[in-house]
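Colleague: I have some labels to challenge. Put the model up and take me through the reasoning.

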Amino acid sequence: MIEQMHIKELDKSWKERVFIYRYETSFYYDLSEAWQDDSQFCFCLNKRAFEKPVIKQFEGSLFSEWLIEPVAFGAFEDETLLGVIGLGLEDWNKRLRIAELWVDEPFRHQGVGKALIAKAMHYARFKNLRALVLETQSCNEPAIRFYLACGFRFIGLDSTHYSNTDILDREVRLEMGLNLPNLELNEEQGT
């Protein structure tokens, strides 16, 4: 159990550190019934069970070159790293993109991820941004469930982001977003 967690900004020396993202999932969201005609585009994401649980693993790092004004925060207990969140501005539309969210496996389901999301929300408000956005995959049902519990909602998808067989691979890029309240009030007050 985590007793004393603190979050601090990480400097660029963390750029070289590689994080192993690993998760196990029993469900995926199947993009089915996608069709279009000259008056509409329709699709449906149906939650389906894998025949057996699937383990996914990939690497990631902080401060990616494609991010605008990247910033990262780490959650610690004493000197033990519990998790990190990497963020970047989408300055043209006043959104903050969560590019990385990693929680070390022994510390999952203990509030670390929610604390890092709360830090991202605070940072976005500080920067006077209107929303948080992120990418996840249709097969990462644990992450989808987590983001929904944090107030995010589905805002879009890309069925050919990773390969030409994303739908068959059951790994469609999903975009999720969280609108931040009171931005209009801040703009009117000039703060």
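Modeller: Start with a cut-off: a residue is called buried under 20% relative accessible area, exposed over 50%, and partly exposed in between. By that rule, 8 of the 9 residues of β6 are buried, so the strand is mostly covered. Keep in mind that this is a predicted model.

Colleague: What confidence does the predictor give the protein?

Modeller: The mean pLDDT is 92, and 94% of the residues score at least 70. Strand β6 (residues 95-103) has the highest mean among the elements, 98. Helix α4 (residues 183-189) has the lowest, 46. Over residues 185-191 the pLDDT falls below 50, and that stretch has 5 contacts in the model beyond near neighbours in sequence.

Colleague: Back to β6. How do you know which strands pair with β6, and in what sense?

Modeller: Pairing requires at least two DSSP bridges. Strand β5 (residues 80-90) has 8 bridges to β6, and the two run antiparallel. Strand β7 (residues 131-137) has 4 bridges to β6, in the parallel sense. Both counts meet the cut-off, so both are pairs.

Colleague: Which residues stand opposite each other there?

Modeller: Glu90 stands opposite Arg95 in β6. On the β7 side, Val133 is the bridge partner of Arg97. The hairpin of β5 and β6 has 4 residues between the strands, and Lys94 takes a positive phi near 60° there.

Colleague: Why is the contact of Glu175 and Arg97 called a salt bridge?

Modeller: The cut-off is a Lys or Arg side-chain nitrogen within 4 Å of a carboxyl oxygen of Asp or Glu. Here the N to O distance is 2.9 Å, so the pair qualifies. Glu175 is in strand β9 (residues 173-179) and Arg97 in strand β6, 78 residues apart.

Colleague: Are those two buried or exposed?

Modeller: Buried. Glu175 has 13% relative accessibility. Arg97 has 9%. Both values are under 20%, so both residues get the label.

Colleague: Which residues are linked with them in a network of salt bridges?

Modeller: The network links Glu90, Arg95, Arg97, Glu135, Arg173 and Glu175. The structure holds 12 salt bridges.

Colleague: What makes Lys15 and Glu65 a link between distant parts of the chain?

Modeller: First the pair itself: the closest N and O atoms are 2.0 Å apart, so the salt-bridge cut-off of 4 Å is met. Lys15 lies in the loop between β1 (5-10) and β2 (19-36), and Glu65 in the loop between β3 (41-60) and β4 (68-77), so the bridge ties together parts 50 residues apart in sequence. The labels for cover differ: Lys15, at 28% relative accessibility, is partly exposed, whereas Glu65, at 66%, is exposed.

Colleague: How do you know that Arg22 and Glu105 form a salt bridge?

Modeller: By the distance again. The closest N and O atoms are 3.2 Å apart, within 4 Å, so the pair counts. Arg22 is in strand β2 and Glu105 in the loop between β6 and α1 (112-126), 83 residues apart.

Colleague: Why is each of them called partly exposed?

Modeller: Arg22 has 28% relative accessibility. Glu105 has a relative accessible area of 38%. Both values lie between 20% and 50%, so partly exposed is the label.

Colleague: What makes Asp78 and His109 worth flagging in the backbone?

Modeller: Each has a positive phi although neither is a glycine. For Asp78 the angle is about 55°, and for His109 about 65°. Asp78 is in the loop between β4 and β5. His109 is in the loop between β6 and α1. Their relative accessible areas are 59% for Asp78 and 83% for His109. Both are over 50%, so both residues are exposed.

Colleague: Which residues make the nonpolar surface patch?

Modeller: Phe43, Phe154 and Leu157 make a patch of about 250 Å².

Colleague: Why can Phe154 belong to a patch and still be called partly exposed?

Modeller: The two labels use separate cut-offs. A patch residue needs over 30% relative accessible area, and exposed needs over 50%. Phe154 has 33%, so the patch cut-off is passed and the label stays partly exposed. Phe154 lies in strand β8 (residues 153-158).

Methods
Residues are numbered from 1 along each chain as its sequence is written. This is a predicted model: local features need pLDDT of at least 70, side-chain atom pairs count only at pLDDT 80 or more; totals for chains, interfaces and linings use all residues. Side-chain values use heavy atoms; hydrogens and water are left out. Patches are made of residues with over 30% relative accessible area and no salt bridge: like charges are joined within 9 Å, nonpolar side chains (Val, Leu, Ile, Met, Phe, Trp, Tyr) within 5 Å. Accessible areas come from the Shrake-Rupley method with a 1.4 Å probe; for residues, only the protein chains shown count as cover. Buried means under 20% relative accessible area, exposed over 50%, partly exposed in between (1.4 Å probe, protein chains only). pLDDT is the predictor's confidence in each residue, from 0 to 100. Contact means heavy atoms within 4.5 Å.
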